[in-house]
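Let's take a friendly walk through a protein fold, one strand at a time. Have the picture open beside you as you read.

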Amino acid sequence: MDAAVIDAPLPERLARAITLAGPISLAQYMGAANAHYYATRDPLGRDFTTAPEISQMFGELIGLWLADLWDRAGRPLAAYVELGPGRGTLAADALRAMAKAGLTPAVHFVETSPTLRSAQAERVPGAIWHNDTTTLPGDIALLVIANEFFDALPIRQLVRGGDGWHERLVACQDTLFLPIAGKQVPDAILPPALRDAAPGSVIETSPASVAVMRGLAGRIARQGGAMLTIDYGYQGPAIGDTLQAMRAGVYANPFEAPGEHDLTAHVDFATLCAAAKAEGAASFGPVDQGGLLIALGIDARAAVLGDSVRADRDRLVAPDQMGSLFKAIAITAPDWPQPAGFA
Ligand code: SAH
């Protein structure tokens, strides 16, 4: 490819690729759009806000959750690993709380965005960055946190037509992107309970998410450690199109202006837990974020911090705010103790 094509804006590059080689998979479209989106901006507090940006209590309680588990596991040599750490706020709060509990691990961040890597470096000096999980340390326990990470990973969608199920692809007309039905897929790849869903039904899978979970769960099972994943999602497999685009807190069309909106999909917790178990790890949850934070002592911490954090506490915990929409699952090495808050 000549330099002019490589430097062209993302929509032009995607349109050209589709014109040359035909429609692309939804996963390819979402992956390219989000890579561009995160590489070119810090969206936190502008396009959307996350729990660690709402209150320091979130990261502190997660740090104490890890420190407690690590302590009861016999205080092995361990690394703190965070997937998609955003501005590094959660890590900074968690590391401060962990240090008070005697845990001062090396810090490893899995982050592809250069913009967010520099934000993280400001808050957590001395971190080591990775493009993916394959280069993480292979010989010590891993204490892994993923908050609103899996929802940003690419999904596939299968759409029920009159004659069976089809992979959803993304086509391009002039400069407009649009979803179309691709080749029919064999019914055998669909969960039996969902095969006869009504025409128009959508089933989502995220092979990228399953690959990340399998890789980490396998390492945790062998090396020791634990992982806490917090996100919004469901117990799949299930019917439903959850792909959404957001900019400045407002929903947009996911097929408009790729790379300029945050594209997300709901996370299938049941499938992630099954992937972890298949690699020999133990899995817990999902539990509601609100219930977990209460079990970990958010009200005692809020009482210490005073009246000014009351609204933040409610935003994280209340069922009509983030408390029930967001859920947590925990993965541990099979010989590690039971994690707090997942009774
Ligand atoms: N965990 C943070 C940020 C959530 S936004 C918080 O709670 O505030 C999603 C994060 O995942 C960003 O840091 C983004 O750059 C990162 N990310 C998205 N896709 C990624 C990928 N494929 N590999 C690594 N990091 C990714």
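## Before we start

Two strands count as paired if DSSP finds at least two bridges between them. Keep that rule in mind, for it tells us when we may speak of residues standing opposite each other in neighbouring strands. One more thing to know is that this is a predicted model.

## Strand β2 and its neighbours

Let's begin with strand β2, residues 78-83. Why can we say that β2 is largely enclosed by the rest of the structure? Six of its six residues are buried, so the strand is largely enclosed. Residues in β2 point in two directions: Ala78, Tyr80 and Glu82 go one way, while Ala79, Val81 and Leu83 go the other. Both sets are buried.

Which strands pair with β2? One is β5 (residues 141-147), which runs parallel to β2 and is joined to it by five bridges. Here glutamate 82 has isoleucine 145 of β5 as its bridge partner. Another is β3 (residues 106-110), also parallel to β2 and joined by five bridges; in this pair, leucine 83 stands opposite valine 110. Helix α6 (residues 89-100) belongs to the picture too, since β2, α6 and β3 together make a right-handed β-α-β unit.

## Strand β10 and its neighbours

Now move to strand β10, residues 225-234, where 10 of the 10 residues are buried. From β10, Gly225, Met227, Thr229, Asp231 and Gly233 point one way. Ala226, Leu228, Ile230, Tyr232 and Tyr234 point the other way.

We have already met β5, and six bridges join it to β10, with the two strands running parallel. In that pairing, alanine 146 stands opposite threonine 229. Strand β16 (residues 326-332) runs antiparallel to β10 and shares seven bridges with it; tyrosine 232 faces phenylalanine 326 there. Two bridges connect β10 to β14 (residues 267-268), a parallel pair, and tyrosine 234 stands opposite aspartate 268.

## The nonpolar cores

In soluble globular proteins, nonpolar side chains tend to be buried together. In this model, the largest nonpolar core has 74 residues. Which of them touch the most other members? They are Tyr80, Leu83, Phe150 and Met227. Helix α5 (residues 56-72) gives the most to this core, contributing nine residues.

Apart from that core lies another one, of 18 residues. Its members include Ile18, Tyr29, Val170 and Leu263.

Key:
Residues numbered from 1 in each chain as written. Predicted model: local features only at pLDDT ≥ 70, side-chain atom pairs only at ≥ 80, totals over all residues. Heavy atoms only, no water. Buried < 20%, exposed > 50% of the residue type's maximum accessible area, 1.4 Å probe, protein only. Helix = DSSP H or I, 4+ residues; strand = E, 2+ residues; numbered from the N terminus. Right-handed = clockwise from strand over helix to strand, strands pointing away. Core = buried A, V, L, I, M, F, W, Y, C linked by side-chain atoms within 4.5 Å.
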